[in-house]
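I opened this model to look up helix packing, salt bridges and empty space. My notes follow in the order I checked things.

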Amino acid sequence: MAATRLNSLSFSQLPLSLPSQSNCYSLEHKPLLFPLTPLIELKLAIKRSNATHPVSKFTRRATAATVSFSLPASKPEGVSPEKLPKWSARAIKSFAMAELEARKLKYPNTGTEALLMGILIEGTSTAAKFLRANGITLFKVREETVKLLGKSDMYFFSSEHPPLTEPAQRALDWAVAEKLKSGQSGEITTGHLLLGIWSEESAGRKILATLGFDDEKAKEIAKTVDKDATFSYK
């Protein structure tokens, strides 16, 4: 009996409504729907295309989406947002991996040592290849990190986005400032990030120095600092 009643339902009884052609949705600073949660400052805007042909009630217009990513560096004074250089895709991924590494080690903050490990975990940048070629590997950095900072309480759980330490924040700010100072176009790369870590008297610099990194190697990185910008999130 129930089956008979269900089969007798007419689709005309179901409400059908389509959104207005003038609808425009704007979502800002919403969480990502794909696993890039450590990335900071997401802006997602979705709007309808300006098609001139008529649209039937069963046809939806195409949508266009724009996603922009940035890292939590301070905005330099006197520089408009339009003129701020973008971070390269590898630098963004390195930062994401740094946050995850800080969580893995159960540290309350993302420090310069985590930023260094993030560069090595991403692994494909010129900076990461240079570090590995000079014997500075993820395993060694992680080992030196635990020696220097110790192990965290096994029952401690880091936040989803462990806040930056002051030296780590200054390292990001240094990378942005150095790119602006160069006057060159292009993106902020992992090379800038590595040199930012080296510029700070912090755990990251101490670990680098322990493993043989010095000012001469920093100068070599500076020569190739813009060679990572081969692809990015537009």
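**Helix α4**

I started with helix α4, residues 126-133, in this predicted model. Which of its residues are buried? I found A127, A128, F130 and L131. I then looked down the axis of α4: the buried residues fall within an arc of 160°, so they line one face of the helix. The general rule helps here: an α-helix has 3.6 residues a turn, so residues three or four places apart point the same way.

Next I asked what the buried residues of α4 pack against. The partners are α3 (112-122), α7 (190-198), α8 (203-210) and α9. I also checked what follows the helix. G135 comes after α4, and its phi is positive, near 80°.

**Salt bridges**

How many salt bridges are there? I counted 9. I wrote up three of the pairs.

I looked at R142 and E101 to begin with. They form a salt bridge, with the closest N and O atoms 2.7 Å apart. This pair links distant parts of the chain: R142 sits in helix α5 (residues 138-149) and E101 in helix α2 (residues 89-104), 41 residues apart. Are these two buried or exposed? R142 is partly exposed, at a relative accessible area of 26%. E101 is buried, at 1%; the cut-off for buried is under 20%. I noted a third member as well: E101, K104 and R142 are linked in a network of salt bridges.

D226 and K179 came next. Their salt bridge has its closest N and O atoms 2.9 Å apart. Again the pair links distant parts of the chain, with D226 in the segment after α9 (215-223), K179 in helix α6 (residues 166-182), and their positions 47 residues apart. D226 is partly exposed, with a relative accessible area of 31%. K179 counts as buried, at 2% relative accessibility.

I then turned to R205 and E201. Their side chains meet in a salt bridge at 3.6 Å, N to O. E201 is exposed: its relative accessible area is 62%, and the cut-off for exposed is over 50%.

**The second largest pocket**

I moved on to empty space. Rolling a probe the size of a water molecule over the atoms shows where empty space is left.

What is the volume of the second largest pocket? I got about 150 Å³. Its lining is made by W174, E178, S182, Q184, H192, L195, W198, A222, V225 and D226. Which elements give two or more residues to this lining? They are α6 and α7. By type, the lining residues divide into 5 nonpolar, 3 polar and 2 charged. I recognised D226 from the salt bridge with K179; D226 is listed in this lining too.

**The cavity**

I also searched the whole structure for cavities of 30 Å³ or more, and the search finds 1. The largest cavity has a volume of about 30 Å³. What lines it? I listed T126, A127, T189, G191, I221, T224, V225 and D228. These divide into 3 nonpolar, 4 polar and 1 charged.

Two names were already in my notes. A127 is one of the buried residues of helix α4, and A127 is also in the cavity lining. V225 is in the lining of the second largest pocket and in that of the largest cavity.

Conventions
Residues numbered from 1 in each chain as written. Predicted model: local features only at pLDDT ≥ 70, side-chain atom pairs only at ≥ 80, totals over all residues. Heavy atoms only, no water. Salt bridge = Lys/Arg side-chain N within 4 Å of Asp/Glu carboxyl O. Helix = DSSP H or I, 4+ residues; strand = E, 2+ residues; numbered from the N terminus. Buried < 20%, exposed > 50% of the residue type's maximum accessible area, 1.4 Å probe, protein only. Arc of directions from axis to C-beta. Contact = heavy atoms within 4.5 Å. 1 Å grid on protein atoms, 1.4 Å probe; cavity = no way out; pocket = protein on both sides within 12 Å on 5 of 7 lines; lining within 4 Å. Points joined across faces, edges and corners; volume = space filled by probe spheres on them. Nonpolar A, V, L, I, M, F, W, Y, C, P; charged D, E, K, R; others polar.
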